[in-house]
Amino acid sequence: SEEVISTDAVIVGAGPCGLFAIFELGLLDIKCHVVDILDRPGGQCAELYPEKPIYDIPALPIVTGSELTHRLLEQAKPFKPEYHFNQMVTELRKLEDGKFELKTDGGIVFHAKVVVIAAGGGSFQPKKPPIPGIDAYEGQSVFYSVKKMEALRGRDILIVGGGDSALDWTLNLQPIANSLTLLHRRDDFRAAPDSVKKMRELVAAGKMQLKLGQVTGLTGDNGVLASAQVKGTDGNFDIAANAMLPFFGLTMKLGPVAEWGLNLHENLVPVDTAKFETSTQGIFAIGDINTYPGKLKLILSGFHEAALMAQEAFHHIHPGERLLFQYTTSSSSLQKKLGVA
Ligand code: FAD
């Protein structure tokens, strides 16, 4: 029997808008679980431009994607949200008691009073390298993300790529691997300089190998990888490995959101601008995933949308109850929730 997590709200997507929704819902005592496919919070800010400055966040004249994410997490902290990373919400349906059931590809089941879809441009999905026959090894020997590090303990690991994911996982997996090789097209990395330095130190200490080239084929049996064939700058060679992790970046696809009966319009979820509710009462959509007349795909729009969404979510959870409008500067009850009074 599967374990069911019962909660007030499930937020689908931990991008900037999903993260700010935790805060706005929290002020109204609505408890949240947050799910994201990525292995970290921040959505596009974390995945596409962590080091780039953003100049149009109100009152923060300059802030990088990763710093904005960090600040939003900090702001949400008093409300003790529970995060579930590396999980894609695949199913969403209404139950007979009016609650919603959500299921993830990692086997988590939620029952929630309200659902907030903050899925941005949709689900991030790995770009696959063009290697013939790679499908046969996926899930057994070829992995595009690491769900459980333990599954890779003691294996001969080949990591392919030159960005942050490739370097981060090289450093994380090296201590538990039997052997580890990092393969990249050229001796030049797009990853954080500190990670590159640490990787080069491990190579110098003989604890892992760095090779240059591109994988052209795979050899193995029944989905169990034995070696990868590589075309290098001066000749071809093989790398023995029984686990391969290609990190070739991610693309955004709408993904499962399309299957939840939300009256999509050009792959976006239409909402009304008073409540940011979808065509299904109790399901809201905020941030880049929604559409309405005049919509601007800006982070600041999503923040406003989160505030109005939370008001209506409250009324959905507590029908007929009055909601007192309060300022955080002057309400001692809000300050108590924030842990500052
Ligand atoms: P996202 O940031 O897209 O996050 C959505 C999250 O939902 C993702 O992490 C995704 O994995 C997750 N998700 C989707 N489907 C599922 C599912 N089924 N299950 C689980 N998780 C799911 N905006 C500005 O305001 N100012 C700027 O200067 C600016 N610069 C930008 C520069 C670049 C290069 C890019 C690409 C965008 C920029 N933007 C800027 C736009 C801004 O990043 C987006 O408006 C913002 O990220 C939208 O936030 P979000 O929370 O709606 O969605």
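Why does Phe23 count as buried? Some notes on that and on the rest of the fold follow.

1. First, a reminder that this is a predicted model. As for Phe23, it has 21 C-beta neighbours inside 10 Å, and a residue is called buried here from 20 upward, so Phe23 makes the cut. The residue lies in helix α1. Setting aside its neighbours within four places in sequence, its contacts are Gln75, Ala76 and Phe79. Take Ala76: Phe23 is 53 residues away from Ala76 along the chain, yet their C-alpha atoms are 4.9 Å apart in space.

2. Stepping back to the whole chain, there are seven helices and 20 strands. The radius of gyration is 23 Å against the 20 Å that the globule rule gives for 341 residues; those values are close, so the chain is as compact as a globular protein of that length. If you want a box, the C-alpha trace spans about 70 × 45 × 35 Å along its principal axes.

3. Two more chain-wide numbers. Buried residues make up 35% of the 341. Among contacts with a separation of 6 or more, 60% are between residues 24 or more positions apart.

4. Back to α1, now for its helix partner. Two packed helices are described by the angle between their axes and the distance between the axes. Here, α1 (residues 16-27) and α6 (residues 299-317) have axes that come within 8 Å and cross at roughly 35°. The crossing is right-handed. On the α1 side the contact uses Pro16, Cys17, Phe20, Ala21, Glu24 and Leu25. From α6 come Ile299, Gly302, Phe303, Glu305, Ala306, Ala307, Met309, Ala310 and Ala313. By class, that contact splits into twelve nonpolar residues, one polar and two charged.

5. Now the sheets, starting with the parallel one. It is open, has four strands in the order β12-β11-β10-β16, and pairs in the parallel sense. β12 (209-212) and β16 are the edge strands; each has a single partner strand, so one side of each has no neighbour in the sheet. From one strand to the next the twist averages 20°.

6. Within that sheet, β10 (residues 156-160) is worth a look on both sides. Its parallel pairing with β11 (residues 179-184) runs over five bridges, and with β16 over four. Leu158 shows up in both pairings: its bridge partner in β11 is Thr181, while in β16 Leu158 stands opposite Met244.

7. What about the side chains of β16 itself, the strand of residues 243-246? Ala243 and Leu245 point one way, Met244 and Pro246 the other, and all of them are buried. Do set this beside point 5, where β16 is an edge strand with a single partner strand.

8. The other sheet on my list is an antiparallel one. Three strands make it up, in the order β13-β14-β15, and it is open too. At the edges stand β13 (214-221) and β15 (235-240), each with a single partner strand, so one side of each is left without a neighbour in the sheet. Direction ignored, neighbouring strands are turned by 25° against each other on average.

9. One pairing from that sheet, in detail: β14 (residues 224-232) and β15 run antiparallel and are joined by six bridges. If you want a residue pair to pull up in the viewer, Val230 stands opposite Phe237 in β15.

Definitions and conventions. Residues numbered from 1 in each chain as written. Predicted model: local features only at pLDDT ≥ 70, side-chain atom pairs only at ≥ 80, totals over all residues. Helix = DSSP H or I, 4+ residues; strand = E, 2+ residues; numbered from the N terminus. Rg over C-alpha atoms; globule rule 2.2 N^0.38 Å. Buried ≥ 20, exposed ≤ 12 C-beta atoms within 10 Å, placed from the backbone. Contact = placed C-beta atoms within 7 Å. Pairing = 2+ DSSP bridges. Axes fitted to C-alpha atoms, helices over the stretch in contact; angles between N-to-C directions. Left-handed = near helix turned anticlockwise from the far one by under 90°. Nonpolar A, V, L, I, M, F, W, Y, C, P; charged D, E, K, R; others polar.
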